[in-house]
Amino acid sequence: MKRREFVLGACVASGSLILGAGTLSAQKKPSIAERKFRTLPYWTHRAAQRRIDHALDYSQDLRQYAEEAESIDPAEAKLHAEELGRNLSAAQKRVADAKKQAGTDKDAETVKDLDSISKGLSTAADQHAACMEACKKDSVDGKMVMHCCQIITTELQKAKKTYSRVMQRQHPGSPKTKKK
C-alpha cells in the first residue's frame, strides 16, 4: 500500500513539474511598447522613488523609536539616522539626474514637479542634519529627533505623491504606475 501511495505521489509531482515548465517556456517576450519602460529615464525615476520610499521608512521608524523607547540608545539612533541620510542623499542625486533628463526632453511640467521634489528633499536634508546632531550626543533628545523626523516624513510623503504623478505622466503603462 505504501509503495502505491509513493508511486502515485511521484507521478503527481512529476506531472506538476512538467506542466509548470510548459507554462514557463510558453511566456511571451515583452513587446516593444512594454520594453520602452526599461529605458534610462524610467529606471532613474524608479531608483529615485525607491530611495524616497527607503528614506521614508527610516524616518518613520526613527520617529517611532524615539517616541516609544524608554531610553534611546545613541548607537541605534545614529545608525537609523545615518541610513536615513544615505537614502536622502541618494534620492537627491537621482532626482537631479531625472531633472537633467526631463530638461533635455523639454518637459516643463515634469521639471516643475522635480523642482518641487528637490526642494522638499532639501528641507528633509536640513532636518536630517539637525537629527544627526541630536543622535550624536551621549543622551539623545527624543523630542528633537521626533520633531525632525516628523518634518522629514511630511516632506518625503509629499515627494512620494508628486513622484507618483510624474511616473503616471511619464510612464503611464508601467506596471508600477497602473492605477488599481
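Visitor: In which helix does Gly 142 lie?

Guide: Gly 142 lies in helix α6. The model in view is a predicted one.

Visitor: Why is Gly 142 called buried or exposed?

Guide: The relative accessibility of Gly 142 is 13%. Buried means under 20%, so Gly 142 counts as buried.

Visitor: Which residues is Gly 142 in contact with, leaving aside its neighbours within four places in sequence?

Guide: Gly 142 is in contact with Ala 66 and Ile 72. In addition, the C-alpha atoms of Gly 142 and Ala 77 are 9.6 Å apart in space, while the two residues are 65 apart in sequence.

Visitor: What is the make-up of the protein in helices and strands?

Guide: The protein has six helices and zero strands, and its pattern along the sequence reads α-α-α-α-α-α.

Visitor: How do you know how α5 and α6 are oriented to one another?

Guide: Their axes cross at roughly 160° and come within 9 Å. Angles over 145 degrees count as roughly antiparallel, and therefore α5 is roughly antiparallel to α6. The crossing of the two is left-handed. Residues of the contact of α5 with α6 divide into 18 nonpolar, eight polar and five charged.

Visitor: Why are both an angle and a distance given for two packed helices?

Guide: Two packed helices are described by the angle between their axes and by the distance between the axes.

Visitor: What makes the arrangement of α4 and α5 parallel or antiparallel?

Guide: Helix α4 covers residues 74-104 and helix α5 covers residues 108-136. Their axes cross at roughly 160° and come within 9 Å. Set against the cut-off of 145 degrees, this angle makes α4 roughly antiparallel to α5. In handedness, α4 passes α5 in a left-handed crossing. The contact of α4 with α5 has 17 nonpolar, seven polar and four charged residues.

Visitor: Why is Ser 59 called buried or exposed?

Guide: Ser 59 has a relative accessibility of 0%. The limit for a buried residue is under 20%, so Ser 59 counts as buried. Ser 59 lies in helix α3, residues 40-68. Apart from neighbours within four places in sequence, the contacts of Ser 59 are Leu 84, Cys 149, Ile 152, Thr 153 and Leu 156.

Visitor: How do you know whether Thr 44 is buried or exposed?

Guide: The relative accessible area of Thr 44 is 2%. As buried means under 20%, Thr 44 is therefore buried. Thr 44 also lies in helix α3. Not counting residues up to four places away in sequence, Thr 44 touches Arg 94, Asp 97, Ala 98 and Gln 101.

Visitor: What makes Asp 73 buried, exposed or partly exposed?

Guide: The relative accessible area of Asp 73 is 39%. Buried means under 20% and exposed means over 50%, with partly exposed in between, so Asp 73 is partly exposed. Asp 73 is found in the loop between α3 and α4. The C-alpha atoms of Asp 73 and Asp 138 are separated by 8.7 Å, although the two residues are 65 apart along the chain.

Visitor: How many residues does the protein have, and what share of them count as buried?

Guide: The protein has 180 residues, of which 32% count as buried. About 11600 Å² is exposed, and carbon and sulfur atoms supply 55% of that area.

Visitor: What share of contacts between residues at least 6 apart in sequence join residues at least 24 apart?

Guide: The share is 75%.

Definitions and conventions
Residues are numbered from 1 along each chain as its sequence is written. This is a predicted model: local features need pLDDT of at least 70, side-chain atom pairs count only at pLDDT 80 or more; totals for chains, interfaces and linings use all residues. Side-chain values use heavy atoms; hydrogens and water are left out. Helices (H or I, at least four residues) and strands (E, at least two) are DSSP runs, numbered from the N terminus. Buried means under 20% relative accessible area, exposed over 50%, partly exposed in between (1.4 Å probe, protein chains only). Contact means heavy atoms within 4.5 Å. Accessible areas come from the Shrake-Rupley method with a 1.4 Å probe; for residues, only the protein chains shown count as cover. Axes are lines fitted to C-alpha atoms, for helices over the stretch in contact, and angles run from 0 to 180 degrees between N-to-C directions. Angles under 35 degrees count as roughly parallel, over 145 as roughly antiparallel, 65 to 115 as roughly perpendicular and the rest as oblique. A crossing is left-handed if the near helix is turned anticlockwise from the far one by less than a right angle, and right-handed if clockwise. Ala, Val, Leu, Ile, Met, Phe, Trp, Tyr, Cys and Pro count as nonpolar, Asp, Glu, Lys and Arg as charged, and the others, Gly among them, as polar.
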